[in-house]
Amino acid sequence: MAFSVSTAKVDITPTLSTNPYMAGYGTIDGGRIATSSTPYQPLYARAIVLWEDTFPHLILSADLLAFPRAMHQRIRTRILGLASWQSSEILLQATHTHNGPALIDSLQPYISYGLSDLTLIRSYCAALEDKIVALVGTALAAPRTAVTLDYKVASQNFATNRVGLPYTETAVPILVARRSNGVPRAVIFSYACHPVSAGWRTLFDGDFPAAACNYLENQTAGCFALFLQGAAGDQDPLGARGWALRDQHGNSLGTAVSSAMSSPGRTIAGPLLTYYQEVQLPLDITLTPANLVGVRAAFVARLGNPEGQPLWYQRHAQGMIARIDSNNLPTAVPSPFQVWKLSGSPQLKIAMVGGELVSGYAAYFRAGHGGANGIVVGGYANESCCYIPSNEFLPPYMPYGSYEGGWDPDQPGIGGGSMTVYGHLAHFKGGSNGVEATVVNAMNALLG
């Protein structure tokens, strides 16, 4: 099996006239609005097509908070028509920048930001879908460069576990595609940390992942850089947030990757095996009439803003009451799971989950699959449905509630925390048949 790559990228930065609304922080009622059409650094969607002989495989990363489910499903369907490939051979991911554009559905614009007129957001999203599909077509048609693949793991230490759990992500997986003369043609690298180093800004920007890609492309002529977000659900950057910290973290990450790829890592070979499955993550919902009466009453109590909760809690309560009244009560949340396997010693596995995967899962899967040298684990892949917590985030753990777990101690039986901005009725089910067991069992089945 011989590898080659083709690449392309496209600017996806909105202007003030196309979509001024920003995503990632929900504390301004009416939405956070960009103050200029000139970004701090342009937002990009980046595509690498990895060809195994004549068979294409796509990795696409976009400077967005998340791909909403409806958008992802439409894009995937359209991309499938561009080449003779399977759905498992198409991997999309958002870098999860918090200074990107607001999109339809995720985070839910009315609940999160109080936006009722979605005209600009919808038109931008339609144009964004077209741009991403066209980008894939461009990458498929671009000249191919014959390459060899090698893999290394570097490290960074600017992430910390923001809830005090013993998982702190340091691994920086690096997959390099090299020309015959050893010069890098493309690099795919990862790190697990929320891209909030810049903090709350009013200019569009891709935060440290974009800065690191920019650094690498400036340092190595002709090298295309693409960032894959790791299991960053509970990982935040250290330091005083601002543009200076964003640049510092981006340059630090870029320097680590550049230094590591200055010499080849261990050889990676074909065949490339791919797997894709939609997994149903169980919500803690009991559909008996008596329980639903109690759940509805709890949301009605939230309408009164009993403990000075954010305004989006009230909007979420309104939506959930309407959902109960219309009997629209899904008991699970779908999440795409995807695994790629490459040959080598050891085999290299890339395991990606839709949603904001917390870092305990990365620690677990690394422990069973050769450490960071044997597996890359990430979230935010294909679509982001919500946070994906482990049992440590769910009742009865963390008795003061858990944003990542989606519950609050005032009403632990209904959705709180992150489930309010993602628009779900309840938090996930915990215990031996809950979300953690579902994630672990489904991913282990794919990993083999």
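This report describes the cores, cavities, three helices and some unusual backbone points of a predicted model.

## Nonpolar cores

In soluble globular proteins, nonpolar side chains tend to be buried together. The largest nonpolar core of this model holds 92 residues. Within this core, the residues with the most contacts are Leu58, Leu60, Phe67, Ile79, Phe299 and Phe337. Helix H3 contributes the most to this core, giving 10 residues. Another core, of 25 residues, lies apart from it and includes Phe3, Ile59, Leu272 and Ile350.

Phe299 can serve as an example of how a core residue is surrounded. If its neighbours within four places in sequence are left aside, Phe299 is in contact with His316, Ala317, Met320, Ile321 and Ile324, and also with Ile414, Gly415 and Leu425.

## Cavities

A search of the whole structure gives 5 cavities of 30 Å³ or more. The volume of the largest cavity is about 130 Å³. Its lining is made up of 17 residues, and those nearest the centre are Ile48, Leu50, Leu149, Leu175 and Ile188. Five strands each give two or more residues to this lining: E4 (44–52), E5 (55–62), E9 (171–178), E10 (184–191) and E14 (332–343).

What classes of residue line the largest cavity? The lining has 16 nonpolar residues and 1 polar residue, with no charged residues.

## Helix H3

Helix H3 runs over residues 119–141, which makes 23 residues. From its first C-alpha to its last, H3 reaches 33 Å, close to the 33 Å expected at 1.5 Å a residue.

The buried residues of H3 are Ile121, Tyr124, Cys125, Leu128, Glu129, Ile132, Val133, Leu135, Val136, Ala139 and Leu140. A charged residue, Glu129, is thus on this list. The buried residues of H3 pack against strands E1 (3–11), E2 (21–22), E4 and E5, and against helices H1 (69–80) and H2 (109–113).

## Leu140

Leu140 is found in helix H3. Is this residue buried or exposed? Leu140 has a relative accessible area of 14%, and it counts as buried because that value is under the 20% cut-off. Leaving aside neighbours within four places in sequence, Leu140 is in contact with Val49, Trp51, Pro56, Leu82, Ala83 and Trp85. Leu140 and Gly379 are 239 residues apart in sequence, and their C-alpha atoms are 25 Å apart in space.

## Helices H8 and H10

Helix H8 covers residues 359–368. Its buried residues are Ser359, Gly360, Tyr361, Ala362, Phe365 and Arg366. The cover over these residues includes strands E8 (159–161), E12 (235–237), E16 (356–357), E17 and E18, together with helix H10. H8 is followed by Gly370, which has a positive phi near 85 degrees.

Helix H10, residues 435–447, has 13 residues. H10 reaches 18 Å between its first and last C-alpha atoms, close to the 18 Å expected at 1.5 Å a residue. The buried residues of H10 are Val435, Ala437, Thr438, Val439, Val440, Ala442, Met443, Leu446 and Leu447. Among the elements that cover them are strands E13 (266–282), E14, E15, E17 and E18, and helix H8. Just after H10, Gly448 takes a positive phi of about 75 degrees.

## Unusual backbone points

Most residues other than glycine have a negative phi, and most peptide bonds are trans. Two residues that are not glycine have a positive phi here: Tyr380, at about 60 degrees, and Met398, at about 45 degrees. Tyr380 sits in the loop between strand E17 (375–378) and strand E18. Tyr380 is buried, with a relative accessible area of 0%. Met398 is in the loop between E18 and helix H9.

Where are cis peptide bonds found? One joins Ser345 and Pro346, with omega about 5 degrees. Pro346 is in the loop between E14 and strand E15 (348–353). Another joins Pro395 and Pro396, again with omega about 5 degrees. Pro396 lies in the loop between strand E18 (387–388) and helix H9 (418–421), and Met398 has its place in the loop between E18 and H9 as well.

Definitions and conventions: Residues are numbered from 1 along each chain as its sequence is written. This is a predicted model: local features need pLDDT of at least 70, side-chain atom pairs count only at pLDDT 80 or more; totals for chains, interfaces and linings use all residues. Side-chain values use heavy atoms; hydrogens and water are left out. On a 1 Å grid over the protein atoms alone, a cavity is a set of points where a 1.4 Å probe fits but cannot get out, and a pocket is an open set with protein on both sides within 12 Å along at least five of seven lines; lining residues have an atom within 4 Å of a point. Grid points are joined across faces, edges and corners, and a volume is the space filled by probe spheres set on the points. Helices (H or I, at least four residues) and strands (E, at least two) are DSSP runs, numbered from the N terminus. The expected span of a helix is 1.5 Å times one less than its number of residues. Buried means under 20% relative accessible area, exposed over 50%, partly exposed in between (1.4 Å probe, protein chains only). Contact means heavy atoms within 4.5 Å. A nonpolar core is a set of buried Ala, Val, Leu, Ile, Met, Phe, Trp, Tyr and Cys residues joined through side-chain atoms within 4.5 Å.
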